[in-house]
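Colleague: Could you take a close look at the spot where the ligand sits and walk me through what surrounds it? I'd like the surroundings spelled out, and then a word on the sheet.

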Amino acid sequence: MSSKPRILVTRRWPEAVERVLADRFDMAFNGNDVAMPANALAQALREFDAVLPTVSDRLPANLFDGGGIKARILGNYGVGYNHIDVAAAKAANIVVTNTPGVLTDCTADIAMTLLLAVARRAGEGERQIRAGEWTGWRPTHMIGSKVTGKTLGIIGFGRIGKAMAKRCHFGFDMEVVFYNRSPIDAAEAARYGARQLDTVDEVLKVADFVSLHCPGGGENRHLINAERLAMMKKGAHLVNTARGDVVDEPALIEALKNGVIRGAGLDVFEAEPNVPAGLRVLENVVLLPHLGSATEETRVAMGMKVVDNITAFFDGREPPDRVA
Ligand code: 8YV
């Protein structure tokens, strides 16, 4: 019998991180690397000292019900943790940690990729060439929207929102306005070339591009609904690299179909990996399979953050990235 804490890693992680985990802990994998069903996760909470979930695992309150819980920490692999009922975990005396900071740049890079791709119709162009349908250059071919010099509206001015502002303001000469729940010092906002507005609606009304960087779940569920989409400029584009549930997907599909807004770039969806057919058939949307943090450097750094968090916890120290 090992005296090391027993941990369950719910998906396969970068090899370099798995090696460190295997060295420090009595580690088990979910070998087939598919999302674990609720009953298996409930069982894991009763068998392991730590469970290390990802965004593909759902941990609602009922998983913590019924007693017999052994797990003392959930070391989430990712910064967003709305897939975990944190209050229920806390009530079951389970600590929850996340991985902030290390995925800021790569997530902002994906937001920028989507913004440029949807504005300049890169997905459509790719599809046209691959289908052998390009008939040659012409002055009126696949005309998009200019990005440089336009106004970006950011919802959620945390680390990733700021990184997006920096890219757009200093890289693309954009005017940047944002909504954030708490006030941001004007001098701090100016460092990112950005200016705070009082409401989400004010941002939506003036922005040519709206980029979402707020957490999912809770009061942010369907923050962008039919009414708010109607407030956006007719030629505006929406970019979502936050969480799928921040946007009412059926309302977005209607808005895109009816020209309420011009286009959308989406990295996240309400019921991943299910992407509604209504979105998949639209030409004016660019769709990515939740790639925000998907670079070698970032995925390793995220894993090492989880290692640091659970190591600190089992050493009796405060985990650096504790959220509950
Ligand atoms: C992660 C993300 O890959 O960290 C987040 O919140 O959305 C992604 O970039 C994912 O959460 C892994 O669990």
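Modeller: The shell around the ligand splits into five nonpolar, five polar and two charged residues. Bear in mind that this is a predicted model. Going through that shell by name, you'll find T54, V55, Y77, G78, V79, G80, L103, R243, H290, S293, R299 and M302 around the ligand.

Now for the polar contacts. G80 uses its backbone: a polar atom there is 2.7 Å from an oxygen atom of the ligand. With H290 it's the side chain, where an N or O atom lies 2.8 Å from a ligand oxygen. S293 also brings in its side chain, with an N or O atom 2.7 Å from an oxygen atom of the ligand. As for cover, the ligand taken alone exposes 330 Å², and the protein buries 92% of that.

On to the sheet, then. It's an open one with five strands, ordered β2-β1-β3-β4-β5 and paired in parallel. At the edges are β2 (26–29) and β5 (95–97), each pairing on one side only. Ignoring direction, neighbouring strands here are turned by 20 degrees against each other on average. Between β1 (residues 6–9) and β3 (residues 50–52), which run parallel, there are three bridges. I7 stands opposite A50 in β3. Helix α1 (residues 15–24) packs on this sheet and touches β1, β2 and β3, and its direction makes about 135 degrees with that of β2.

How values were computed
Residues are numbered from 1 along each chain as its sequence is written. This is a predicted model: local features need pLDDT of at least 70, side-chain atom pairs count only at pLDDT 80 or more; totals for chains, interfaces and linings use all residues. Side-chain values use heavy atoms; hydrogens and water are left out. Two strands pair if DSSP finds at least two bridges between them. Helices (H or I, at least four residues) and strands (E, at least two) are DSSP runs, numbered from the N terminus. Axes are lines fitted to C-alpha atoms, for helices over the stretch in contact, and angles run from 0 to 180 degrees between N-to-C directions. Contact means heavy atoms within 4.5 Å. A residue is near a molecule or strand if one of its heavy atoms lies within 4 Å of it. A polar contact is a pair of N or O atoms within 3.5 Å; within protein, one must be able to donate a hydrogen and the other to accept it, and residues adjacent in sequence count only if both atoms are side-chain atoms. Accessible areas come from the Shrake-Rupley method with a 1.4 Å probe; for residues, only the protein chains shown count as cover. Ala, Val, Leu, Ile, Met, Phe, Trp, Tyr, Cys and Pro count as nonpolar, Asp, Glu, Lys and Arg as charged, and the others, Gly among them, as polar.
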